[in-house]
Amino acid sequence: MNVKSFATHRVAVAAGLVLALGCVVSAQASATGPRTISGKASDAVTHRSGGSGAKGTVAACSQEVLGVSAVKEPADSKDARHLLLTVQNAGDKKCNVYRYPLVRLGAGRTTAPVIKESDPNPGVPVTLAPGEEAYAALLVNGPMDEYEAKSITLSLQGRKPGSSAGKPIDVPMPVDTLYANDGQRVTYWTTAPGYALDFIMSK
């Protein structure tokens, strides 16, 4: 083999080595690359899944989507000691009402205490589809000194105990004046008005 042929042979061998090394690097990149991308893809999927889960979570009802009313029970009663509070989901998505309404009558110092045994499903919120209603019964007074109340304010609780959902709601008065006192009580939310009223009508 002459010098020229030997040089040509070395160049060919070197080129072959470079090509072989390139294939190994390429193979390693192929082996490690997808795992890195897959890891990122997995993170992205997890993130999207979390986002999807967040979208799937039912939000707390707020004053922005609820219609609210109060009526005497029974409707032909002379006084207004027993009221049925109704909220209706006027929005286009499901929403939850939690625990019981925080009701303040007139200039009352505190909100109406809850009747603890009136919770139909302890710890479970009432989910309202569009157009559906939830109810809470309100005992306005008991056998004690009374004060005049010319307003009813209702606040909604949030998902966490002690939290609120939205702003206070002014409830239309069923009569011009209510005569309230410290005997007032309210029930938990329920989808069965009769169930709620059972806790106050005998009082």
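1. A good place to start is the one cross-link. Cysteine 61 and cysteine 95 are both buried. A disulfide joins these two cysteines, with the sulfurs 2.0 Å apart, and one disulfide is the full count for this predicted model. The link is right-handed, with 90° about the S-S bond. Cysteine 61 sits in the loop between β1 (59-60) and β2 (66-72), while cysteine 95 belongs to strand β4 (residues 95-105), so the bond ties together parts that lie 34 residues apart in sequence.

2. Next, a word on confidence. The protein chain has an average pLDDT of 80, and 72% of its residues score at least 70. The stretch to be careful with is residues 2-54, where pLDDT is below 50. Apart from near neighbours in sequence, that stretch makes four contacts in the model. Where pLDDT is low, the predicted coordinates should not be read in detail.

3. Now for the overall layout. The chain holds two helices and 11 strands. Walking from the N terminus, you meet a helix, then the run of strands, then a helix again: α-β-β-β-β-β-β-β-β-β-β-β-α. Of the 203 residues in the chain, 33% are buried. Take the contacts between residues at least 6 apart in sequence: 81% of them join residues at least 24 apart. The accessible surface is about 12300 Å², and carbon and sulfur atoms account for 58% of that.

4. What sits in the largest nonpolar core, and which residues have the most contacts inside it? This core has 33 residues, and Leu105, Leu138 and Trp189 are the ones with the most contacts inside. Several strands give two or more residues each, among them β2, β3 (82-89), β6 (133-139) and β8 (152-157). Strand β4 is the top contributor, with five residues.

5. Leucine 138 deserves a closer look. Setting aside residues up to four places away in sequence, leucine 138 touches a list that includes Leu83, Leu85, Val103, Leu105, Val186 and Ile200. Arg81, His82, Ala112 and Arg185 are also among its contacts. There is a second, separate core too, with nine residues, including Ala137, Leu139, Leu197 and Phe199.

6. On the aromatic side, the count is two pairs. In one of them, the ring centres of tyrosine 100 and tyrosine 188 are 5.3 Å apart and the planes are at 75°, so the pair is edge-to-face. This pair links distant parts of the chain, 88 residues apart: tyrosine 100 is in strand β4, and tyrosine 188 is in the loop between β11 (185-186) and α2 (193-197). Tyrosine 188 is buried, at 14% relative accessible area.

7. Tyrosine 195 and phenylalanine 199 make up another aromatic pair, again edge-to-face, with 5.2 Å centre to centre and 70° between the planes. Is each partner buried or partly exposed? Tyrosine 195 counts as partly exposed, at 30% relative accessibility, whereas phenylalanine 199 is buried, at 18%.

8. Two strand residues are worth finding together, threonine 86 and valine 68. Threonine 86 is in strand β3 and valine 68 is in strand β2. Both fall under the 20% cut-off for buried: threonine 86 has a relative accessibility of 10%, and valine 68 has 17%. The two touch each other. Beyond its sequence neighbours, threonine 86 also touches Gly67, Ser69, Glu133, Ala134 and Tyr135. Valine 68 has further contacts with Val87, Leu154, Ile169, Val171 and Pro172. The C-alpha atoms of valine 68 and alanine 134 are separated by 9.9 Å, although these residues are 66 apart along the chain.

9. Last, have a look at lysine 203, in the segment after α2. How does its side of the story compare with the buried residues above? Lysine 203 is partly exposed, with a relative accessible area of 42%. Leaving aside neighbours within four places in sequence, lysine 203 is in contact with Arg81, His82, Ile115 and Leu139. Arg81 and His82 also turn up among the contacts of leucine 138. Proline 143 is 60 residues away from lysine 203 along the chain, and the C-alpha atoms of the two are separated by 9.6 Å.

Definitions and conventions. Residues are numbered from 1 along each chain as its sequence is written. This is a predicted model: local features need pLDDT of at least 70, side-chain atom pairs count only at pLDDT 80 or more; totals for chains, interfaces and linings use all residues. Side-chain values use heavy atoms; hydrogens and water are left out. pLDDT is the predictor's confidence in each residue, from 0 to 100. Contact means heavy atoms within 4.5 Å. A disulfide is a pair of cysteine sulfur atoms within 2.5 Å. Helices (H or I, at least four residues) and strands (E, at least two) are DSSP runs, numbered from the N terminus. Buried means under 20% relative accessible area, exposed over 50%, partly exposed in between (1.4 Å probe, protein chains only). Accessible areas come from the Shrake-Rupley method with a 1.4 Å probe; for residues, only the protein chains shown count as cover. A nonpolar core is a set of buried Ala, Val, Leu, Ile, Met, Phe, Trp, Tyr and Cys residues joined through side-chain atoms within 4.5 Å. Rings of Phe, Tyr and Trp (its six-membered ring) pair if their centres lie within 6.5 Å; planes under 30 degrees apart count as stacked, over 60 as edge-to-face and the rest as tilted.
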